[in-house]
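Welcome to this tour! Open your viewer, switch to the cartoon display, and get ready to select a few things along the way.

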Amino acid sequence: MSEPVKFKYDVQGGNFASAGQASVQVKKNLRQIGLSPEIIRRISIAMYEGEINMVIHAGGGIAEVQVFEDKVIIVLDDRGPGIPNIELAMKEGFSTAPDNIRSLGFGAGMGLPNMKRYTDDMKIETELGKGTRITMQVNFE
């Protein structure tokens, strides 16, 4: 694989009927490429958590996945409100999801911690009023 294989998805904000579709498609694509089930599981969990965060908090965004010979890089880019306090947002159980979202079973405050847990590297770039870009990397070891 000399050039990375790339996938790009539009994530619709507020649309819980389609929430998770990008991560399901990524899982299928990675199976076809022949990645190990454990690597696919890690990528799928991190991607799903990020996708749900974009649906809940950011009005949607773009998810891009690049598959290299030795790693996968996931970039989640939104134009939402930004994250006011990254350190607080990284704490398990911390959530800014409104009650109506929590009543749907989302917003438990595990999104960002799970994204970090299941990846080898995660960077968050955010600007209030402008949006957030999260770059995650999963190595094939």
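## Where two strands meet

Select D10 first, and look across to strand 2: the residue opposite D10 is I62. You are looking at a predicted model, so treat each stop as a feature of that model. Now show the whole of both strands. Strand 1 and strand 2 run antiparallel, and eight bridges join them.

## Across the sheet

Next, colour residues 60-67, which are strand 2, and residues 71-78, which are strand 3. These two strands are antiparallel, with seven bridges between them. They make a hairpin, and three residues lie between the strands. Pick out two of the cross-strand partners here: E64 faces V75, and A63 has L76 as its bridge partner.

Keep L76 selected, since it leads us onward. Which residue is the bridge partner of L76 in strand 5? It is I134. Strand 3 and strand 5 are joined by eight bridges and again run antiparallel.

Now find T126 and the residue opposite it, T132 in strand 5. This brings you to strand 4, which is antiparallel to strand 5 and joined to it by seven bridges. Strand 4 and strand 5 form another hairpin, with three residues between them. Click on G129 in that turn: its phi is positive, about 80°.

## Stepping back to see the sheet

Zoom out until every strand is in view. In what order do the five strands lie in the open sheet? The order is 1-2-3-5-4, and the pairing is antiparallel. Strand 1 (5-12) and strand 4 (121-127) each have a single partner strand, so one side of each has no neighbour in the sheet. Turn the view to look across the strands: the twist from one strand to the next averages 10°.

If you display side chains, here is a rule to keep in mind. In a regular strand, side chains alternate between the two faces of the sheet.

## Two helices on the sheet

Select residues 21-33 for helix 1, which packs on the sheet and touches strand 1 and strand 2. The direction of helix 1 makes about 165° with that of strand 1.

Then select residues 37-57 for helix 2. Which strands does helix 2 touch as it packs on the sheet? They are strand 1, strand 2, strand 3 and strand 5 (131-139). Its direction makes about 5° with that of strand 3.

Try the distance tool on helix 2, from its first C-alpha to its last. Helix 2 has 21 residues and reaches 30 Å, close to the 30 Å expected at 1.5 Å a residue. Just beyond, stop at G59, which follows helix 2 and has a positive phi near 70°.

## A charge over a ring

Zoom in on F68 and show its side chain together with that of K71. K71 lies over the face of the F68 ring, at 5.4 Å from the ring centre. Elsewhere, the structure also holds one aromatic pair for you to look for.

## The whole protein

Finally, reset the view. The protein has five helices and five strands. Trace the chain along its sequence and you will meet them in the pattern β-α-α-β-β-α-α-α-β-β. The C-alpha atoms fill a box of roughly 45 × 30 × 25 Å along the principal axes. How does the radius of gyration fit with 141 residues? A compact globule with 141 residues would have a radius of gyration near 14 Å, and the protein has 14 Å, so the two agree.

Key
Residues numbered from 1 in each chain as written. Heavy atoms only, no water. Pairing = 2+ DSSP bridges. Helix = DSSP H or I, 4+ residues; strand = E, 2+ residues; numbered from the N terminus. Axes fitted to C-alpha atoms, helices over the stretch in contact; angles between N-to-C directions. Contact = heavy atoms within 4.5 Å. Phe/Tyr/Trp six-rings, centres within 6.5 Å; stacked < 30°, edge-to-face > 60°. Lys NZ or Arg CZ within 6 Å of the ring centre and 35° of its normal. Expected span 1.5 Å × (residues − 1). Rg over C-alpha atoms; globule rule 2.2 N^0.38 Å.
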